Amino acid sequence: MSAATTRSRTPDRLCAEAVDLARSAAEEAAAPGVVGEHAGLLSEGDRVVTHFFECKELGYRGWRWAVTVARASRAKLVTLDEVVLLPGPDALLAPEWVPWSERLRPGDMGPGDLLPTDAEDLRLEPGFSGEDEPVPSSVVSEEMAELVEAEDAEVTAGAPANLLVAPSRGSIAAVAEELGMRRARVLSRYGLHIAADRWEEAYGAKTPMAQAAPASCVTCGFLAPIGGSLGQAFGVCANEFSPADGRVVSLTYGCGGHSEAAVMPKPPRPAPPVIDETRVDPFPLRPAADSGSVLVGADEDSAELGHS
């Protein structure tokens with residue numbers, strides 16, 4: 001350890017004794033009556049010492065007035081360096097500042113609020129590529145540009161969203177608008193994935209409602225399909241009695257309002273009773289006279305088969 005380092009850790013005697021000078025400077029910078037007792041000192045270097053005083057200001061619990069004094073080499077006069085209010089080890093501090101883009105949560109926006117989108121937002125990507133030339137798969141190709149004069153067409157440079165008037169017939173912007181592509185940016189793959197994860201978590205197959213549903217939304221008549229790649233996994237619920245009415249739901253979601261939940265199979269009809277308890281069957285105690293094969297009063301010799 002060098003001698004210079006050792007000297008810097010040992011407070012200078014004259015600077016350490018200049019407590020009254022430091023208190024006067026703190027009281028001059030602060031409001032009356034807010035400078036408290038002396039709370040120690042700290043050696044900042046050779047002949048440089050910082051004195052700490054308690055702060056009695058309301059709302060500044062644990063803060064300290066820090067007054068730094070110093071003196072020149074071989075000089076006996078201590079001079080004032082600076083006076084600041086610094087937080088102590090147990091000071092009450094404001095929470096760490098967080099940018100608005102990280103503080104914003106779904107549902108925070110109200111009427112009239114504007115949410116600017118970063119130019120490098122990962123959720124978005126350009127709706128078309130190239131400013132002066134169309135993409136290779138576009139119907140407006142080099143052949144179209146060669147026929148501008150013959151067809152009275154106009155190839156407009158720049159993004160279609162920047163046009164102030166309706167694009168002319170035959171321009172790139174006109175074709176893009178006709179094909180539903182007049183958007184400067186569209187959802188990127190990352191934007192599609194995070195939206196799908198968010199919707200799946202809110203109205204997906206793992207929710208308690210879907211677990212108790214009789215069937216999934218893919219077979220429900222109240223499901224309104226949506227376009228694009230998200231339409232392969234999601235739709236919009238149009239059942240006013242469903243908890244997901246007007247919401248984007250997963251095709252694996254379900255609820256008790258399924259369109260086919262009320263179509264119940266008919267209960268089986270019981271077989272007709274074997275015994276009819278509403279009718280009485282008479283049973284004679286003796287057999288009837290005409291119940292045999294031989295008539296009553298006939299001679300036995302005349303009976304061919306005899307008595308039955």
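This section describes two sheets, a helix and several single residues in a predicted model.

The four-stranded sheet is considered first. Its strands follow the order 1-2-3-4, the sheet is open, and the pairing is antiparallel. Strand 1 (35–45) and strand 4 (79–87) form the edges. Each of these has a single partner strand, so one side of each lacks a neighbour in the sheet. From one strand to the next, the twist averages 20°. Helix 3 (residues 19–29) packs on this sheet. The helix touches strand 1, strand 2, strand 3 and strand 4. Its direction makes about 115° with that of strand 1.

Within the sheet, strand 2 and strand 3 (residues 63–70) run antiparallel and are joined by seven bridges. Glu54 stands opposite Arg64 of strand 3. In a regular strand, side chains alternate between the two faces of the sheet.

Strand 2 (residues 48–55) also holds His51. This histidine is buried, and its relative accessible area is 0%. The cut-off for burial is under 20%, so His51 qualifies. The side chains of His51 and His38 are joined by a polar contact of 3.1 Å. His38 is also among the residues in contact with His51 when neighbours within four places in sequence are left aside. The other contacts of His51 on that basis are Cys15, Ala16, Ala18, Val19, Ala22, Gly40, Leu41, Trp65, Ala66, Val67 and Val69.

Two loops of this region carry residues with positive phi. Most residues other than glycine have a negative phi. Arg47 has a positive phi of about 60° although it is not a glycine. Arg47 lies in the loop between strand 1 and strand 2. Its relative accessible area is 29%, and the residue is partly exposed. Arg74 is likewise not a glycine, and its phi is positive, near 65°. This arginine lies in the loop between strand 3 and strand 4. Arg74 is exposed, with a relative accessible area of 82%. The cut-off for exposed is over 50%, so Arg74 passes it while Arg47, at 29%, does not.

The second sheet has three strands. It is open, its order is 7-8-9, and its pairing is antiparallel. Strand 7 and strand 9 stand at the edges. Each has a single partner strand, so one side of each is left without a neighbour in the sheet. Neighbouring strands here are turned by 50° against each other on average, direction ignored.

Strand 8 pairs with both edge strands. Three bridges join strand 7 (residues 223–225) to strand 8, and the two run antiparallel. Leu223 stands opposite Cys237 of strand 8. Ala224 has Val236 of strand 8 as its bridge partner. Strand 8 and strand 9 (residues 248–250) also pair over three bridges, in the antiparallel sense. Here Phe234 has Ser250 of strand 9 as its bridge partner.

Helix 8 (residues 189–202) was examined for its length and its sides. At 1.5 Å a residue, its 14 residues should span 20 Å. The C-alpha atoms at its ends are 20 Å apart, which agrees. The buried residues of the helix are Gly191, Ala195 and Ala196. They cover an arc of only 130° around the axis, which puts them on the same side of helix 8. An α-helix has 3.6 residues a turn, so residues three or four places apart point the same way. On the other side of helix 8, Arg189, Asp197 and Glu201 are exposed. Strand 6 (185–187) and strand 8 (234–237) are among the elements that cover the buried residues. Strand 8 thus links two parts of this account: it pairs within the three-stranded sheet, and it helps cover the buried residues of helix 8.

Ala195 illustrates the buried side. This alanine is found in helix 8. Its relative accessible area is 6%, under the 20% cut-off, so Ala195 is buried. Ala195 and Leu230 are 35 residues apart in sequence. In space, their C-alpha atoms are 9.3 Å apart.

How values were computed. Residues numbered from 1 in each chain as written. Predicted model: local features only at pLDDT ≥ 70, side-chain atom pairs only at ≥ 80, totals over all residues. Heavy atoms only, no water. Expected span 1.5 Å × (residues − 1). Buried < 20%, exposed > 50% of the residue type's maximum accessible area, 1.4 Å probe, protein only. Arc of directions from axis to C-beta. Contact = heavy atoms within 4.5 Å. Polar contact = N/O pair within 3.5 Å; in protein donor to acceptor, adjacent residues only side chain to side chain. Pairing = 2+ DSSP bridges. Axes fitted to C-alpha atoms, helices over the stretch in contact; angles between N-to-C directions.
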